[in-house]
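New to this one? Have a look at the sequence and the fold below, then read on for a quick tour.

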Amino acid sequence: ADDNFNMTRRLRILSIKEKGKGEKVKVKVKVLMWLCMCMMAITRAEAVNGQAQESLYLGMAAEADGNFQTAIQHLQYAAQKGEAKAYLELGNIYSSGPHKALDYAKAKTAFEQAASKGYAGGWYGLGDMYANGKGMDKNDKLAVFYYIKAAQAFHAQASFYLGSMYAKGGQGVAQNMVLSRTYYEQACLGGWQQGCSKLKSK
């Protein structure tokens, strides 16, 4: 706020000092005024980003402590202020949190928002909802569709579940042992130990 006040003051001083001077000076002043206004906009944006990140961390801390209502409040604020990861955390709470926090419609929306902003966990969350029939009919084909999107972004857990689904086949998903092994390998390389264990057992 102090920075914005000082910049505004400088703008006023510049406009008063250069009043009535030549065209070249006026152009120079206009450029300086434009730069000052850009700096003010950046300062405001940084302040908003800082608040969003703080709310994200507070939300995640509350979630870890089991204070889900408090977590939701912080995460909603962070999401509204543009913190994309907050959508992923909200989706996780709404889809897999305690009974009072469950809201599958909100979970689906939150995961979609997270996915649209580049979070592979958003695609994984959608796949998990379809794979387990959370708030919708169980649909293996759609689960695979979303898991593949997550796996393409190197989401190890999504790769593991793809390996499992292709190993046994399912509704609309043909059994494919080659693909199964490929995804288990991808999961293992991504650090998901269950994927490594599946490879050792084959």
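What follows is a short briefing, grouped by topic.

Keep in mind that this is a predicted model. The tour takes in a pocket of about 190 Å³, the largest one here, and two helices that help line that pocket, helix 6 and helix 8. After that come the one disulfide in the structure and a brief stop at Thr109 in helix 5.

**The largest pocket**

- The largest pocket holds about 190 Å³ of space, and 13 residues line it.
- Closest to the centre of the pocket you'll find Ala131, Lys138, Asp140, Met165 and Lys168.
- The lining is a mix: five residues are nonpolar, four are polar and four are charged.
- Three helices each put at least two residues into the lining, namely helix 6 (120-132), helix 7 (140-152) and helix 8 (156-168).
- Helix 8 is the top contributor, giving four residues to the lining.

**Helix 6**

- The length of helix 6 checks out: its 13 residues should span 18 Å at 1.5 Å a residue, and the C-alpha atoms at its ends are indeed 18 Å apart.
- Most of helix 6 is covered up, with eleven of its 13 residues buried.
- Among the buried residues are Tyr124, Leu126, Met129 and Tyr130, along with several glycines, including Gly121, Gly122, Gly125 and Gly127.
- Ala131 is another buried residue of helix 6, and you've already met Ala131 as one of the residues closest to the pocket centre.
- As for neighbours, the buried residues of helix 6 pack against helix 4 (84-96), helix 5 (104-116), helix 7 and helix 8.
- Right after helix 6 comes Gly133, which has a positive phi near 60°.

**Helix 8**

- Helix 8 also has 13 residues, and it reaches 19 Å from its first C-alpha to its last, close to the 18 Å expected at 1.5 Å a residue.
- Helix 8 is mostly covered too, since eleven of its 13 residues are buried.
- The buried set includes Phe160, Leu162, Met165 and Tyr166, plus Ser159 and Ser164.
- Met165, then, is buried in helix 8 and is also one of the residues closest to the centre of the largest pocket.
- The cover over the buried residues of helix 8 includes helix 6, helix 7, helix 9 (177-189) and helix 10 (193-201).
- Just past the end of helix 8, Gly169 takes a positive phi of about 70°.

**Ser159, a spot inside helix 8**

- Ser159 sits in helix 8, and its relative accessible area is 0%, so it counts as buried.
- Setting aside neighbours within four places in sequence, Ser159 is in contact with Ala151, Tyr183, Tyr184, Gln186 and Ala187.

**The disulfide**

- The structure has one disulfide, formed by Cys188 and Cys196 with their sulfur atoms 2.0 Å apart.
- The link between Cys188 and Cys196 is right-handed, with 100° about the S-S bond.
- Are these two cysteines buried or partly exposed? Cys188 is partly exposed because its relative accessibility is 23%, while Cys196 has 12% and is therefore buried.

**Thr109**

- Thr109 lies in helix 5, and with a relative accessible area of 44% it counts as partly exposed.
- Thr109 and Leu90 are 19 residues apart along the chain, and their C-alpha atoms are separated by 9.6 Å.

Note on methods
Residues numbered from 1 in each chain as written. Predicted model: local features only at pLDDT ≥ 70, side-chain atom pairs only at ≥ 80, totals over all residues. Heavy atoms only, no water. 1 Å grid on protein atoms, 1.4 Å probe; cavity = no way out; pocket = protein on both sides within 12 Å on 5 of 7 lines; lining within 4 Å. Points joined across faces, edges and corners; volume = space filled by probe spheres on them. Nonpolar A, V, L, I, M, F, W, Y, C, P; charged D, E, K, R; others polar. Disulfide = S-S within 2.5 Å. Buried < 20%, exposed > 50% of the residue type's maximum accessible area, 1.4 Å probe, protein only. Expected span 1.5 Å × (residues − 1). Contact = heavy atoms within 4.5 Å.
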